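Good morning, everyone, and thank you for making the time. I would like to walk you through one structure, going from whole chains down to single residues, so please have it open as I speak.

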Amino acid sequence: MRTQKWLATALFAGAASAMVSGSSLAGSLNIIIEEVPDYDVVRVLTEKFAAENPGIEVTFDAMPFDAMRDKILTSALASSATYNVIIVDNPWMEEFAKAGFLTPLDDFIAADSGYDFEDFVGPLRDIGVVEGSTYGVPYYNYALGLIVRQDIFDEQGIAVPTTLDDYVDVVKKLTNDDFYGAAMQPQKGYKVMEEWKNWLYATGGELFNADGDITINSPEAVKALEMYIDAFNTSAPEGSVNWGFDEALRAVASGRAATMLSYNWMLPALNAKGGMSGDLAGKFTLNEVPGGKAVLGSWSWSIPANVDDKDEAWKYISWITSKAVAKDRVIAGGAPVRTSIISDPEVWEKGFGEDYYKTLLGILEDAAPLSSGTSAEELIDIVGTELSAAVSGQKSVQQALDDAAKGVERAR
Amino acid sequence: MSGVQLKNLRKSFGLTEVLKGINLTVESREFTVLLGPSGCGKSTTLRMLAGLEPVSEGEIWIGDRNVTDLEPRDRNIAMVFQNYALYPNMTIAQNMGFGLKAKKMPRAEISARVNEAAAMLNIADLLARRPKELSGGQQQRVAIGRAIVREPNLFLFDEPLSNLDTKLRVEMRTELLRLHRSLDATTIYVTHDQEEAMTMANRIVVMNGGQIEQIGTPSEIYFKPNSRMVAGFIGSPAMNFVDGRVGVDGLETSIGPVAHPTKLASGDAVILGFRPDDLYFPDELTAYQAAMSVDFTAEFVELLGARGIVTLRAAGAEFKGVFEERFLHRFAEGATVALALSRDRLHLFSATSGERVGG
Amino acid sequence: MTAPTQDGLLSRRRLTLVAIEFVVALAIAIVLFPFLWIFLASIKPPELVTEPNVWMFPPTAANWHDVLLESDVPKNIINSFVVSVATVIIALVTGCPAAYSFSRFKTGSGTRFSVLAAEMMPPAILILPLFLVLFRLGLIDTLAAVVLAHLTFVVPVVTWFLIGFFDEIPRELEEQAMIDGYTQFQAFYKVILPVVRPGLAAAAVFGFVLSWNDMFYALILTGGESRTLPVAIAGFWTFRGIDMGKMAVAILVAVVPILIISFFIQKHLVRSLGGGAVKF
Amino acid sequence: MHLRFRLILPLAAAMTVIMAYPLVFSAWISFHDYRLTRLQDVRFRGVENYAFILSDAPFGRALVNTMTFVAGAVSIELVLGLGLALLLQRLVRFQNFARAVLLAPMFITPIAVGLMFRFLLNSELGVIPYYLATIGVEIAWFDERLALFSLMLIDAWQWTPFMLLMFLAGLEALPKDPFEAARVDGASAWITFWNLTLPLLRPVILVALIIRALDAFKVFEYVWAITRGGPGDATETILFHIYKTGFRFFRLGEAAAMAYVLIGILMFLVIVLYTAMRRR
């Protein structure tokens, strides 16, 4: 099997092939990680791990999201991994697992008595499972929730909508000359897909049916997209057809919009005193997305297949995801993934309050990943491009979804 | 000092042959000028001598050394370029000493030699300056000074005066000659300016179309041009030419018969040439000297000062004559003037080959 | 009689000048405005960053403090600097002799053009194999990898500029040096190189800027310790939103040194480019 | 070996390593189903990759977008650059200052420029639309109709200075005599411009055009930072498309084939421009 690979690499300069890259030294862990606030929490906590394990030196290679995918790939292709511990975004899980890049963790989990794998929220746990083997354990979630300006809803005596039809009505009602019902993120690719798929769930659609057939152009999907476009045209800021997460967030934070579908953990940031929302801090609440079922994103800890000392890598992963450390992490501001932590009154008290965590648990338990399969990354782009074309009026809804179905068929 | 020998030198650029076999011997201490119209190959010859241009065929000898394949630096020559080629980033002193530095000469000696040459050329006060602060004439002196300090076997000059104005050019000419005399160096000098060639050279090599037309002293070149080309090229205003044919008794030309002996067979086409200075009033010549007399119509006069150039017409063709100022009143516009040609001042060339066939 | 006419002429001239100054001032404003805005963003309190119409506010130094003292940005700057300098040096060392050769030996008419054409190669086509090779060599995530990648576009540009500069130098200069007793190579580095120094500087500045600005290669080839400044700037755009204030600081930090350099060299740049590089 | 070739040797060696080899390897990849996640299963596909991308609508759209972008951006830059250069030349006061400021944008890393304008032009949060709105102009800079044009404007903000630099240099190097002759002949500024300045600058203009056009084909950072190719396919540019195919989806075979198609187009463009240049 490897001969093909070497055949390909035979084209490399002779001198080049003699050199082997990036082998990690025993006793050192090199971890690739995305540069987000959760990383700041992990970095600080890890100092404790280092103190407990003087023989293991932990270093982080933190980087922006866009740089991670090919870095992980490079490391995975090497004869010996550059990174002993990696984090894997949920669309990549199946792709990487099937490419043979990842180590099955089942035996490690089984051997770890106090670990309590079942404690991780089900949908998050499932992301790490590919064809019956577990390749990743949850790091943090980015499930979507409905973030609203509670003060406005209260003022106008409107209940936070729980169905999609209600939601569209409400955002229309809230929209006036310089205020918008919804800050949306119809940017091409990941962003629009991440948002619209919540609408798709709400109309009862999915990308694939139980048999694995493509249902992207099903009547449910058409309805979801039509409603999405309707809401966008009537209730989203003008000229926001290219907005992503940042712009939507800033529009809400600066008091220009009443609602947004966004990551659940944005709520604390929005409500933080002296933060981005200034005087509006404290006026935001998190709710389940209309229709109930939310798009789930998550990062998982994994061990690359080409790591020499997997025990050491697991030692770190099991430590950072253990109940005790996970609690510290969540209290310090990390996005929770364990049921016991989310339900822990101590966490409520030291964190962001009972309501937030209860809503979060509700969201997490009824959520499904954005995309799956070996070409999930590409699928998101294909569908996301067509959605954006439909939202911006370049294609009809049916045309866009048909094209999306065609594209996905080819990419599979 | 050593002489120079070019043996059957040829040069081609691609398929174009620009030098078609040059044979030339330059004696030691001689001042030789390569003269010719642009494109005649004179500069190429010089550059080959310097080693800047590879030789396609033939040999170059400097003294008793065959230098054909030597690099310029191994030939011990000095060259002065038309645009002076001073190193803009160095001072004048550094410019002049640069060649000596290449020979690893001690610094003190370099500076001594530079000072000596600078004094000789009156540029001692410029030594600390840079080239762009100097006038054209001063730059010229520096370029020459740079050649002198090298004490080379051979001086090469590539049209060194053509970037100077007329007055400076005449001054530098004299200065170069004086220098040549005091240095007593073998010099090869390329120019297209015949006045420079005539005044400076011990010997002139007239080149044309990649070949040597004639080698001779200035007076040989002027008075006995080997070919119609040389005859036409040397002298200002240029020599007058008339087409003719060898007759039974002398020549028959479009401006009349000429009593002139020739060794050519009767009926051969010839070209008769005479210089503008060699037109005489009939009473100035004896009957024997006068080869012919022609009635010219005067057209106009250009006064040069002591002399004037007269444009004349005869048999439909235009001729130039040069006369002293006191005679010019005779050439009022439209006047008919009879002028005679002197037998010993005629030049006769074959119409087919252009070679000199008598005169 | 002539006085009014002259006055009229003068005032017309003055009017033209005022018009020119106005247009240039407008252009300057368009260029400077984003910088001003970025600077304001860097000292705005976080809740005001999204307010377009706020010009007066209590400034905060938090972003500057965080970026300069508590982030990797200073290290990123050093990385960028090392990469750019190394790239330029290698480009000059390889490009200079070649440019001289192209210029002096009249290498085919299309050569200088193909040198330029090499610069057009889409990075996308080079990055795939380069990535794989560098990966084999164990050079991914090293500055050396970025230097190697940057050479692909810096070398052609530098070489091409230099060809123009060498063309401008009279041939006689090195011929003189050769007659003065130097080999052609000595003539090249003792006489021609010093003369072409302004050109070298201009080409170096160009190469430096190209390398300094690149994000595409650096994004793919660097990580962690080896990250360059553009990648770091892009890094302020995370999944949790762009940290505008900090990004603003990073942008200013990236731009200011280059602006200072450009301020001092622009005159020479214009002059030396005019000397040769802008001709074929 | 002749000095001529010895001088080229370092460049040739460098170019072989950093360009020739990657090009050959890329060519090989373009005929295979070469996926980074399936290296154990690389299959020969013949020209299938080429056949596919040539019939692939998104790729075609990316090509068209890119060419539109290049043509638009470079034209704007040409006109603005030439205009500013002529104005600057006639500026009496502050010439150095104006020149330094106006040349500055080209020294800024494009990713910073992209992120900067993303927010400056943001329809709700940006300062430019805010003030435009106060005078009644509502422009959605990044909607499907304007997005590509907005990217052109951003490109023009950053790269007009390059044109300006080239033209300032070109104007500086122009002979003075013909212009004095034109003044003596009483030619108007307009006539002088069309009949003297423009023809004399032609070589410089062509060089500047070529460099800018080839560079504009590589547009990546603005797309990456602002639109990600959207809305729909409206700003999907070729380099971004190739980057996505190769480095997001790991389909190196198709990415390499796309890059080769792009090279073919660029070659064509370069040859056309080169011929235009030689005909002068």
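I will begin with how to read the model, and then take the chains, their contacts, the cores and a few particular residues.

What you see is a predicted model, in which local features need pLDDT of at least 70 and side-chain atom pairs count only at pLDDT 80 or more, while totals for chains, interfaces and linings use all residues. Side-chain values use heavy atoms, with hydrogens and water left out, residues are numbered from 1 along each chain as its sequence is written, and chains are lettered from A and ligands numbered from 1 in the order in which they are written.

Let me start with chain D, which has 12 helices and 2 strands; here helices (H or I, at least four residues) and strands (E, at least two) are DSSP runs, numbered from the N terminus. Read from the N terminus, the elements of chain D go α-β-β-α-α-α-α-α-α-α-α-α-α-α. Its C-alpha atoms fill a box of roughly 75 × 70 × 30 Å along the principal axes, and of its 280 residues 62% are buried, where buried means under 20% relative accessible area, exposed over 50%, and partly exposed in between, with a 1.4 Å probe and protein chains only.

Chain B, by comparison, has 8 helices and 21 strands, and 52% of its 359 residues count as buried. The C-alpha atoms of chain B fill a box of roughly 75 × 45 × 35 Å, again taken along the principal axes.

Now to the chains together, where contact means heavy atoms within 4.5 Å. Which chains share the most contacts? Of the 4 pairs of chains in contact, that is chains C and D. Chains A and B, on the other hand, do not touch, and their nearest C-alpha atoms are 40 Å apart, while chains B and D have no contact either, with their closest C-alpha atoms 13 Å apart.

Between chain D and chain A, the contact involves 41 residues from chain D and 44 residues from chain A. These two chains bury about 3800 Å² between them, with 51% of that on carbon and sulfur atoms; buried area is the accessible area (1.4 Å probe) that two parts lose on being put together, summed over both. On the chain D side, Gln40(D), Glu124(D) and Arg248(D) supply 18% of the area that chain D buries against chain A, more than any other three residues.

Turning to the interior, the largest nonpolar core has 402 residues, and those with the most contacts inside it include Trp196(A), Trp199(A) and Leu162(C). A nonpolar core, I should say, is a set of buried Ala, Val, Leu, Ile, Met, Phe, Trp, Tyr and Cys residues joined through side-chain atoms within 4.5 Å. Helix H6 of chain C, residues 143–168, gives the most to this core, with 16 residues. Not counting residues up to four places away in sequence, Trp199(A) touches several residues, among them Leu164(A), Met184(A) and Leu261(A).

Within chain D, I would like you to look at helix H4 (residues 95–103) and helix H7 (residues 147–173), whose axes come within 8 Å and cross at roughly 140 degrees. The axes are lines fitted to C-alpha atoms, for helices over the stretch in contact, and the angles run from 0 to 180 degrees between N-to-C directions. H4(D) and H7(D) are therefore oblique to each other, since angles under 35 degrees count as roughly parallel, over 145 as roughly antiparallel, 65 to 115 as roughly perpendicular and the rest as oblique. In this contact, Arg99(D), Leu102(D) and Leu103(D) of H4(D) meet Pro161(D), Leu164(D), Leu165(D) and Leu168(D) of H7(D).

Beyond H7, in the loop that leads to helix H8 (177–184) of chain D, sits Leu174(D). Leu174(D) is buried, with a relative accessible area of 10%, and touches Phe179(D), Leu200(D) and Leu201(D), not counting residues up to four places away in sequence.

Finally, some backbone details. Most residues other than glycine have a negative phi, and most peptide bonds are trans. Phe94(D), in the loop between helix H3 (57–90) and H4 of chain D, has a positive phi of about 55 degrees although it is not a glycine, and Phe94(D) is exposed, with a relative accessible area of 58%. Arg228(D) also has a positive phi, near 55 degrees, but Arg228(D) is buried, with a relative accessible area of 18%. In chain B, the peptide bond from Ser236(B) to Pro237(B) is cis, with omega near -5 degrees.
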